[in-house]
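This report takes a walk through one model, moving from a single side chain outward to its sheets and then to its aromatic rings. Please keep the sequence and the structure at hand while reading.

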Amino acid sequence: MLSSIAQFFSGPKMNTFISDLRPKLSKGSRILTPSDPDFSAANERWTDIDRKTPAVIVQPTCEDDIAVLVAKVAFVPASGGHSPWSTIENGMVIDVSQFKDVHVDANRQLVTVRGGVLMKELQIALSEENQFTTVANGNTVGAIPYMIGGGISSYTPLIGYACENILSARVVVATGDIVVASETENSDLLWAIRGAGQFFGLVTELVVRTHSPSLMGPDGVRQLGTIFFPTEQASEVCSVLRDVVSRNDHASAGHFMVMNDPSKGRILMVAAQYFGTCPELQATYQPVIDLEPLDHNHQPSTFEKHSDHLAWMCPKGEFKRFSQTGLKCINPENFGRLVDLHRELSETLPGTERSVFTIEWHTKTPDDGPRKTETSFGLKKIDTWLNILTWYTDPALHEQVLQFDKRAQDIMRSDTEENAFVSYTNTSRSDPIGHRYKDAAAVAKLKELKQIWDPEGCFTKELL
């Protein structure tokens, strides 16, 4: 049973807890309290929204350290610091940033990811061995939390979601034991980890399937195309783009966004990622180019540099919120209304100019390969997403900006019945569980497994 925070972290009790903990941790592990000079930096997160002050931050250096820490007091794990649930008031943060390792076995097409490995670190390690797997669009996102929550990726049209590529895991469960989950050992737990792992334990290691870059195209690279339009063409461009990406004759992913560009002003950008040759990219998106854009260009991109163009979104601090909502289709009329809402946000709330509203799409994933993997992830059939990045500098605007986020979702869901609403599991825990896991039988199974592995809600109260 977890001790209450107030009881455990009050004066002498906290000092006793830390004194007892220190000799149980490995050499190099760190215990930071608010009086330590490195505490503030360790408590920095991608966003300052709802950032709390823990009583202690522990930075373990090995899996055994984590086993010592789990279930001793109220805690949250932290990896890249992007998760809204990686902060706690007066409790303990288990910061795995000092425990990380990547081992690539190119011959067997496997990668073992441990601890707090970040997305860019994973990309570099895989690229050095001429392999790739599903990754997020952010260099500083923690790889393991991203994968166990589902793992939407630009590479989904080729190899599915990240959770569909998980082969095995090591998990510290509520008892403090280290458990292996694989197809032959605790297979039900492995199924749960593939899409809902954050609710069952602290995953310390994943073995993940990797793939040859030749899947991307003849040269092992993807083609990037960027096409810029004035916002007045929103519905027109959206309609043509919808027809292009709905075709089944190619594999692509991308983003259609409205944003404020420092040099171009408020614009629309189609950012297409095409798996094939440059001439094929141009031929596929020619109907969009025929709409006479302000500018367009294309270039090849290696897996190692997958998210480098989004580095401007990664710095820690200020007030940023990222939400993802599943859409049943690309609706040009709704997108036109979304563009108007973005203008209203920028014009009425100063300091929100870096906010970006986006439709993300993936062409259909083949039914063979990773798609055959059994997972608890309930959103496999979703190929279109609304991504809302709100970014502002004045905390007094929090509630007003949040209302714009909700209005954006309402606009893009206006053609959808409420029982078909979809919310991405890695960005929402407040929406009804039926929005995040669409298979009622899978939810029932997850609840049964929760009673086995975390019946008291050591990690979260979700599914109890």
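In which helix does His342 lie? His342 belongs to helix H12, which spans residues 332–348, and the reader should bear in mind throughout that this is a predicted model.

**The surroundings of His342**

His342 has a relative accessible area of 0%, and because buried means under 20%, this residue counts as buried. Leaving aside neighbours within four places in sequence, His342 is in contact with Val258, Met259, Asn260, Arg266, Ser355, Val356 and Phe357. One of these contacts can be described at the level of atoms, since a polar atom of the His342 side chain lies 2.8 Å from the backbone oxygen of Ser355. Val356, another residue in contact with His342, is 14 residues away from His342 in sequence, with the two C-alpha atoms 7.8 Å apart in space.

**The eight-stranded sheet**

An open sheet is built from eight strands in the order S13-S10-S12-S11-S15-S16-S14-S17, and its pairing is antiparallel. Its edges are formed by strand S13 (295–301) and strand S17 (422–423), each of which pairs on one side only. Within this sheet, strand S11 (residues 252–261) and strand S15 (residues 356–362) are joined by six bridges in the antiparallel sense, and Phe256 has Ile359 in S15 as its bridge partner.

Helix H9 (residues 234–245) packs on the sheet, where it touches strand S10 (222–230), S11, strand S12 (265–274) and S15, and its direction makes about 165° with that of S11. Helix H13 (residues 398–412) lies across strand S14 (319–327), S15 and strand S16 (384–392), and H13 runs at about 165° to S16.

**Other strand pairings**

Strand S7 (residues 166–172) is mostly covered, with five of its seven residues buried. S7 pairs antiparallel with strand S9 (residues 202–209) through six bridges, and it also pairs antiparallel with strand S8 (residues 178–181) through four bridges. The hairpin of S7 and S8 has five residues between the strands, and there Gly176 takes a positive phi near 90°.

Strand S2 (residues 56–59) is joined antiparallel to strand S1 (residues 30–32) by three bridges, whereas its pairing with strand S4 (residues 92–95), over three bridges, is parallel. Val56 and Val58 point one way from S2 while Ile57 and Gln59 point the other way, and all are buried. In a regular strand the side chains alternate between the two faces of the sheet.

The table gathers bridge partners from these pairings.

| Residue | Partner | Strand of the partner |
|---|---|---|
| Val171 | Val203 | S9 |
| Val172 | Ile178 | S8 |
| Leu32 | Ile57 | S2 |
| Ile57 | Val93 | S4 |

**Aromatic rings and charged ends**

The count of aromatic pairs comes to 11. A pair of aromatic rings is described by the distance of the centres and the angle of the planes. One of the pairs is that of Phe132 and Tyr155, which is tilted, with 5.3 Å from centre to centre and 55° between the planes. This pair links distant parts of the chain, for Phe132 is in the loop between helix H5 (119–128) and helix H6 (143–148), while Tyr155 is in the loop between H6 and helix H7 (156–159), 23 residues apart. Phe132 is buried at a relative accessible area of 0%, and Tyr155 is likewise buried at 0%. Phe132 and Tyr155 form one aromatic cluster together with Phe275 and Phe303.

Charged ends also sit over rings: that of Lys320 is placed over the ring of Trp391, 4.9 Å from its centre, and that of Arg407 over the ring of Phe404, 5.0 Å from its centre.

**A buried glutamine in a loop**

Is Gln131, in the loop between H5 and H6, buried or exposed? Gln131 counts as buried because its relative accessibility is 6%, and the cut-off for buried is under 20%. The side chain of Gln131 makes a polar contact with the side chain of Gln109 at 3.3 Å. Not counting residues up to four places away in sequence, Gln131 touches Val104, Ala106, Gln109, Leu126, Thr210, His211, Ser212, Pro213 and Phe303. Among them, Phe303 is also a member of the aromatic cluster with Phe132, Tyr155 and Phe275.

Definitions and conventions:
Residues are numbered from 1 along each chain as its sequence is written. This is a predicted model: local features need pLDDT of at least 70, side-chain atom pairs count only at pLDDT 80 or more; totals for chains, interfaces and linings use all residues. Side-chain values use heavy atoms; hydrogens and water are left out. Two strands pair if DSSP finds at least two bridges between them. Helices (H or I, at least four residues) and strands (E, at least two) are DSSP runs, numbered from the N terminus. Contact means heavy atoms within 4.5 Å. Axes are lines fitted to C-alpha atoms, for helices over the stretch in contact, and angles run from 0 to 180 degrees between N-to-C directions. Rings of Phe, Tyr and Trp (its six-membered ring) pair if their centres lie within 6.5 Å; planes under 30 degrees apart count as stacked, over 60 as edge-to-face and the rest as tilted. Buried means under 20% relative accessible area, exposed over 50%, partly exposed in between (1.4 Å probe, protein chains only). A charge sits over a ring if NZ of Lys or CZ of Arg is within 6 Å of the ring centre and within 35 degrees of the ring normal. A polar contact is a pair of N or O atoms within 3.5 Å; within protein, one must be able to donate a hydrogen and the other to accept it, and residues adjacent in sequence count only if both atoms are side-chain atoms.
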